[in-house]
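Work through the following exercises with the sequence and the structure open beside you. Try each task on your own before reading its solution.

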Amino acid sequence: MTDPTATARRTILVVEDDPGVRSTLDHLLRFEGYRVLTTADGQEALELLEHRRPDLAVVDVVMPRLDGLALCRMLRRRGDRLPVLVLTARHQLGDRVAGLDAGADDYLAKPFATEELLARIRALLRRTEPPRAEDSEDTGSARLALADLALDPAARLAHRGTRRLDLTKTEFDLLELLLRNQGTVLTRHQIYQRIWGYDFDTDSRSLDVYVGYLRRKTEEDGEPRLLHTVRNVGYTARTA
């Protein structure tokens with residue numbers, strides 16, 4: 001079991017229509033020291049969020065009334081940045097991209113190992129904690145730029161030319177990491193550790209999905225590519 005002090009006062013909302021899966025996740029997360037709220041679909045989740053505020057939501061994609069992707073879209077449209085981990089039985093790249101497009105922060109394909117689920121939850125919670133003063137001093141808050149791509153870490157804003165980029169937290173963090181290390185090739189292992197805080201399977205397509213979707217947002221109207229793949233190694237940010 002996780003050290004209770006690491007999860008104290010953290011509340012997770014589980015949105016899952018399958019009673020067996022919902023009960024399993026409820027017991028697992030409570031055993032790990034989290035407070036848990038549960039709902040059977042996205043509509044119930046929206047109603048619960050009117051008067052309760054969890055720290056993170058674990059959301060199934062396929063549900064009655066309001067599915068997981070629709071729930072994510074509704075949350076983001078109203079400006080709610082609640083961290084969302086989507087659980088999906090769909091393994092196609094397009095389905096994963098759809099989850100990111102809807103505003104999910106991370107996704108995990110079923111069936112999954114409980115250790116990986118817990119690691120992703122811990123990583124998401126760490127990434128959404130308010131930065132400490134000493135952390136800000138270590139990482140720096142100066143603006144980052146590469147060609148006409150600009151990033152303001154302090155304001156959490158990104159632009160390509162005059163166009164503002166609408167990035168999820170994961171996309172922003174990934175772009176910031178690449179820009180802070182522009183010209184340097186970061187391995188998949190390094191990126192997984194720095195952005196997600198775990199490295200379960202660097203041969204998976206998870207990182208490729210995020211980079212591909214980030215490219216879609218930074219390469220409109222024939223804009224030159226700035227995020228490059230180094231085959232069999234990783235990724236780098238550079239002008240050519």
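**Exercise 1: Strands side by side**

Ala150 stands opposite His159 in β8. The model in which this is seen is a predicted one.

Task: Find which strands make up the open sheet of 4 strands, and in what order they lie.

Solution. Begin with the pair β7 and β8: strand β7 covers residues 149–152, strand β8 covers residues 157–160, and 4 bridges join these two antiparallel strands. Next, extend the view to the whole open sheet, whose 4 strands follow the order β6-β7-β8-β9 with antiparallel pairing. At its edges lie β6 (144–146) and β9 (163–164), each of which pairs on one side only. Finally, look for a helix on this sheet: α8 packs on it and touches β6, β7 and β8, and the direction of α8 makes about 110 degrees with that of β7.

**Exercise 2: Two pairs of helices**

Task: Decide how α8 is oriented towards α10, and then how α3 is oriented towards α4.

Solution. For the first pair, take helix α8 (residues 169–180) and helix α10 (residues 206–218), whose axes come within 10 Å and cross at roughly 85 degrees. Angles of 65 to 115 degrees count as roughly perpendicular, and therefore α8 and α10 are roughly perpendicular to each other. The contact is formed by Thr170, Glu171, Leu174 and Leu175 in α8, which meet Leu207, Tyr210, Val211, Tyr213, Leu214 and Lys217 in α10. Sorted by character, the residues of this contact comprise 7 nonpolar, 1 polar and 2 charged.

For the second pair, take helix α3 (residues 42–49) and helix α4 (residues 68–77), whose axes come within 9 Å and cross at roughly 30 degrees. Angles under 35 degrees count as roughly parallel, so α3 and α4 are roughly parallel to each other. The crossing of α3 past α4 is right-handed. Here Gly42, Ala45, Leu46 and Leu49 in α3 meet Leu71, Met74 and Leu75 in α4, and the residues of this contact divide into 6 nonpolar, 1 polar and no charged.

**Exercise 3: The surroundings of one arginine**

Task: Determine whether Arg22 is buried or exposed, and list which residues Arg22 touches beyond those up to four places away in sequence.

Solution. Locate Arg22 in helix α2, which spans residues 19–31. Its relative accessible area is 19%, and because buried means under 20%, Arg22 counts as buried. Leaving out residues up to four places away in sequence, Arg22 touches Val14, Glu16, Asp17, Thr38, Thr39 and Ala40. Of these, Thr39 is 17 residues from Arg22 in sequence, while the two lie 8.4 Å apart in space, C-alpha to C-alpha.

**Exercise 4: Unusual backbone angles**

Task: Examine Arg65, Asn232 and the peptide bond from Lys110 to Pro111, and say where each backbone feature is found.

Solution. Start from the general expectation that most residues other than glycine have a negative phi, and that most peptide bonds are trans. Arg65, although not a glycine, has a positive phi of about 65 degrees; Arg65 is placed in the loop between β3 (56–60) and α4 and is exposed, with a relative accessible area of 60%. Asn232 likewise has a positive phi, near 65 degrees, and belongs to the loop between β11 (227–230) and β12 (234–237), where Asn232 is exposed with a relative accessible area of 76%. The peptide bond from Lys110 to Pro111 is cis, with omega near -10 degrees, and Pro111 is found in the loop between β5 (106–109) and α6 (114–127).

Key: Residues are numbered from 1 along each chain as its sequence is written. This is a predicted model: local features need pLDDT of at least 70, side-chain atom pairs count only at pLDDT 80 or more; totals for chains, interfaces and linings use all residues. Side-chain values use heavy atoms; hydrogens and water are left out. Axes are lines fitted to C-alpha atoms, for helices over the stretch in contact, and angles run from 0 to 180 degrees between N-to-C directions. Angles under 35 degrees count as roughly parallel, over 145 as roughly antiparallel, 65 to 115 as roughly perpendicular and the rest as oblique. Contact means heavy atoms within 4.5 Å. Ala, Val, Leu, Ile, Met, Phe, Trp, Tyr, Cys and Pro count as nonpolar, Asp, Glu, Lys and Arg as charged, and the others, Gly among them, as polar. Two strands pair if DSSP finds at least two bridges between them. A crossing is left-handed if the near helix is turned anticlockwise from the far one by less than a right angle, and right-handed if clockwise. Buried means under 20% relative accessible area, exposed over 50%, partly exposed in between (1.4 Å probe, protein chains only).
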